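Visitor: I'm new to this one and don't want a quick lap of the whole thing. Could you pick a single part and take me through it slowly, along with whatever it sits against?

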Amino acid sequence: MERLLHLDRTLDQLDPPPWTTPAADETRLVRTVHELRCVPLNELRPEDLRTLISQRVALPYVLPLAVRLLLDEPLLEAYFYEGDLLHAAVEAPASAWAVLPDLAARLRAVITALPEAAVAELPRGAAEKLTRFLARPEPPG
């Protein structure tokens, strides 16, 4: 969780090089992600984390923030539906989790403790994604 020590800094500061301003004709998503890189980590909202994780941006910094929230509320709704932040987190590439083995283990424990009824209520395919995340080999620790 050492990356959480820099909560007053932005992704542009922590994950160089800073991104240039997007072109005026870029999509809303691209503009949003660029803007989020300029927000201090402690000001990122759950929906911001979901967006950054889904777009694979600065995962070593945003995954710890997401896991911190998911430990308290695994099925947190981060804009679209209950459990969408968890869904985004488990969809992060295995390579991102490989550098965060302790957090991956903590997230596995959270997922394992979810009631079956809650998992069954997640959108189609979500339960399978959780199962795939649990089945990933744990990196050597």
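Guide: Let's take helix 9 and then follow its neighbours inward.

Some ground rules come before the tour. You're looking at a predicted model, where local features need pLDDT of at least 70 and side-chain atom pairs count only at pLDDT 80 or more, while totals for chains, interfaces and linings use all residues. Residues are numbered from 1 along each chain as its sequence is written, and side-chain values use heavy atoms, leaving out hydrogens and water.

Find residues 126–135: that's helix 9. (Helices here are DSSP runs of H or I with at least four residues, numbered from the N terminus.) Its buried residues include A126, L130 and F133; "buried" means under 20% relative accessible area, "exposed" over 50%, and "partly exposed" in between, with a 1.4 Å probe and protein chains only. Those three cover an arc of only 60 degrees around the axis, so they end up on the same side of helix 9. (The arc is taken from the directions running from the helix axis to the C-beta atoms.) There's a simple bit of geometry to keep in mind: an α-helix has 3.6 residues a turn, so residues three or four places apart point the same way.

Now go round to the face turned away from that buried side. There you meet the exposed residues T131, R132 and A135. K129, also in helix 9, has 21% relative accessibility, which means it counts as partly exposed. Leaving out residues up to four places away in sequence, K129 touches H87, V90 and E91, a touch or contact being heavy atoms within 4.5 Å. Along the chain, K129 and A88 are 41 residues apart, yet their C-alpha atoms are separated by 9.8 Å.

What do the buried residues of helix 9 pack against? They have helix 5, helix 6, helix 7 and helix 8 (116–120) as partners. Helix 5 is residues 84–91, and there's a little void to visit on the way to it. A cavity is a set of points on a 1 Å grid over the protein atoms alone where a 1.4 Å probe fits but can't get out, and lining residues have an atom within 4 Å of a point. With 30 Å³ or more as the bar, the count comes to one cavity. The largest cavity holds about 40 Å³ of space, a volume being the space filled by probe spheres set on points joined across faces, edges and corners. Around it sit Y81, G83, L86, H87, V90, L122, P123, A126 and L130. You've already met A126 and L130 as buried residues of helix 9. Helix 5 and helix 9 each give at least two residues to this lining, and the largest share, three residues, is from helix 5.

Step further into helix 5 and you'll come to L85. With a relative accessible area of 0%, L85 is buried. Its contacts, again not counting residues up to four places away in sequence, are P46, L49, R50, I53, A66, L69, L70, L76 and A78. L85 and A109, by comparison, are 24 residues apart in sequence and 16 Å apart in space, C-alpha to C-alpha.

I53 is worth following too. Setting aside residues up to four places away in sequence, it touches L59, V62, L63, A66, L85, A88, A89 and A92.

That brings us to the largest nonpolar core, which has 41 residues. A nonpolar core is a set of buried Ala, Val, Leu, Ile, Met, Phe, Trp, Tyr and Cys residues joined through side-chain atoms within 4.5 Å. Those with the most contacts inside this one are L52, I53, L63, L85, L86, W97 and L107. Helix 9 supplies at least two residues of this core, and so does each of helix 1 (11–14), helix 2 (28–36), helix 3 (46–54), helix 4 (59–72), helix 5, helix 6 (94–98) and helix 7 (101–112). The largest share, eight residues, is from helix 4. As a general pattern, nonpolar side chains in soluble globular proteins tend to be buried together.

To retrace the route: start at A126, L130 and F133, pass the cavity that A126 and L130 help to line, and carry on to L85 in helix 5 and its contact I53.

Terms used
On a 1 Å grid over the protein atoms alone, a cavity is a set of points where a 1.4 Å probe fits but cannot get out, and a pocket is an open set with protein on both sides within 12 Å along at least five of seven lines; lining residues have an atom within 4 Å of a point.
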